[in-house]
Amino acid sequence: MALLFCRRESIVLLQNKGYLVPLDAAAMKGKTMAIIGPTANNSAVLMGGKSDYCPEHSVSLYEGLSDFAEKSGVTVTTSPQSGADEASMISEAELALTVQEADIVFLAVGGVLGHEGADRVNITLPDPQPALIESTIAACAAASKPLVLVLVNGEPVALDAYVDRIDVILEAFEGGQAAGTAFAEIVFGEVSPSGVMPFTTYPADFVNQIAMDNYDMRAGPGLTYRFYKEQPTFTFGHGESYVSWEQKWGPASAMPAPTQSAA
């Protein structure tokens with residue numbers, strides 16, 4: 001339960017156009033959800049690529065969504081290529097058919113993007129994932145189907161090329177053993193997302209504006225939320241929720257006079 005609680009707390013709702021999520025389980029009864037992409041049914045990536053202390057079983061995003069949806073009479077489909085590896089690519093024909101048959105589409109991307117001995121040279125997703133995102137955006141637009149982009153990653157990812165054309169963006173990070181269960185609970189509103197971004201999300205061109213080994217915080221466009229001079233795609237600390245609130249100051253109320261107990 002502690003693992004599940006942590007996973008719920010770490011998922012960040014980056015964008016929710018038209019308040020597409022949370023999904024109403026009752027309203028979704030009899031409908032179809034599709035979840036595709038290289039991290040849709042990939043349990044290994046949820047552990048950050050570590051193979052030395054993996055649990056016996058981790059719940060993938062597809063599995064978690066399927067388990068929750070089944071109780072509500074919702075069908076969840078995926079592609080055989082989803083989860084094969086981080087470079088897997090669904091064919092155009094299969095993508096079009098999958099989107100056409102679904103009422104809502106989830107595209108899960110990301111993976112283990114960098115590790116010791118293999119530093120990243122950019123902050124974009126690895127090929128062929130950008131092409132897969134573009135194809136899925138086009139297919140969903142042509143079929144008038146809503147699209148949810150789900151990120152599974154441990155490093156910052158540039159999203160400026162897609163953010164204006166996608167309905168919902170969820171940052172799931174490397175969610176560990178209970179990732180799929182927590183993901184489904186967020187999607188169906190069993191839990192309101194409460195995570196916030198632990199880093200600034202820069203546009204893709206950021207790596208061309210300053211050398212990555214230049215640690216002068218004020219050099220070029222500036223580094224981190226404190227000194228970055230331009231508009232980040234998502235700010236450090238950004239995170240949306242399903243609830244809204246208003247905070248305002250009011251007049252101070254008089255405190256009751258302290259009472260003195262009898263000796």
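Is phenylalanine 236 buried, exposed or partly exposed? In this predicted model, phenylalanine 236 counts as partly exposed, because its relative accessibility is 39%. The residue returns below with its aromatic partner; the account begins with the sheet.

Six strands make up an open sheet of mixed pairing, and their order across the sheet is 1-6-5-4-2-3. Strand 1 and strand 3 occupy the edges, and each has a single partner strand, so one side of each is left without a neighbour in the sheet. On average, and with direction ignored, neighbouring strands are turned by 20 degrees against each other. Strands of a sheet pair through backbone hydrogen bonds, in either a parallel or an antiparallel sense.

Both senses can be followed around strand 6. Strand 1 (residues 12-16) runs antiparallel to strand 6, and four bridges join the two; within this pairing, glutamine 15 has isoleucine 169 as its bridge partner. Strand 5 and strand 6 run parallel and are likewise joined by four bridges, with leucine 151 standing opposite glutamate 171. Strand 6 is covered on both faces: Val168 and Leu170 are buried on one side, and Ile169 and Glu171 are buried on the other. At the other end of the strand order, strand 2 and strand 3 pair in the parallel sense over three bridges. There, threonine 32 stands opposite threonine 75 of strand 3.

Helix 3 packs on this sheet, where it touches strand 2, strand 3, strand 4 and strand 5, and its direction makes about 165 degrees with that of strand 3. The buried residues of helix 3 are Leu61, Gly64, Leu65, Ser66, Phe68 and Ala69. These residues pack against helix 6 as well as against strand 2, strand 3 (75-77), strand 4 and strand 5. Just after the helix, glycine 73 adopts a positive phi of about 75 degrees.

The interior can be described next. The largest nonpolar core contains 33 residues, of which Leu23, Met33, Leu65, Phe106, Leu170, Phe183 and Val187 touch the most other members. Two or more residues come from each of strand 2 (32-36), helix 3 (61-71), strand 4 (104-110), strand 5 (147-152), strand 6 (168-171) and helix 6 (179-187). Helix 6 gives the largest share, six residues. Leucine 170, on strand 6, illustrates the surroundings of one such member. Beyond its neighbours within four places in sequence, leucine 170 is in contact with Ile11, Val12, Leu13, Val148, Leu149, Val150, Leu151, Phe183, Ile186 and Val187. Apart from this core lies another, of 32 residues, including Val105, Ile133, Cys140 and Val163.

Burial also extends to a polar side chain. Serine 135 belongs to helix 5 (residues 129-143). Why does serine 135 count as buried? The relative accessible area of serine 135 is 15%, and the cut-off for burial is under 20%. Outside its neighbours within four places in sequence, serine 135 is in contact with Glu92 and Leu95.

The aromatic rings add a further set of contacts, with a count of seven aromatic pairs. In one of them, phenylalanine 68 and phenylalanine 188 have ring centres 4.8 Å apart and planes at 20 degrees, so the pair is stacked. This pair links distant parts of the chain, since phenylalanine 68 lies in helix 3 and phenylalanine 188 in the loop between helix 6 and helix 7 (206-209), 120 residues apart. Both phenylalanine 68 and phenylalanine 188 are buried. A stacked pair is also formed by tyrosine 225 and phenylalanine 236, at 4.6 Å centre to centre and with 15 degrees between the planes. Tyrosine 225 lies in helix 8 (residues 224-227) and phenylalanine 236 in the segment after helix 8, so the pair ties together parts that are 11 residues apart in sequence. Tyrosine 225 counts as exposed because its relative accessibility is 53%, whereas phenylalanine 236, at 39%, counts as partly exposed.

Two further features involve aromatic rings. Tyr202, Phe206 and Tyr228 are linked into a cluster by ring pairs. Lysine 71 lies over the face of phenylalanine 68, at 4.9 Å from the ring centre.

Notes
Residues numbered from 1 in each chain as written. Predicted model: local features only at pLDDT ≥ 70, side-chain atom pairs only at ≥ 80, totals over all residues. Heavy atoms only, no water. Core = buried A, V, L, I, M, F, W, Y, C linked by side-chain atoms within 4.5 Å. Buried < 20%, exposed > 50% of the residue type's maximum accessible area, 1.4 Å probe, protein only. Contact = heavy atoms within 4.5 Å. Pairing = 2+ DSSP bridges. Phe/Tyr/Trp six-rings, centres within 6.5 Å; stacked < 30°, edge-to-face > 60°. Lys NZ or Arg CZ within 6 Å of the ring centre and 35° of its normal. Axes fitted to C-alpha atoms, helices over the stretch in contact; angles between N-to-C directions.
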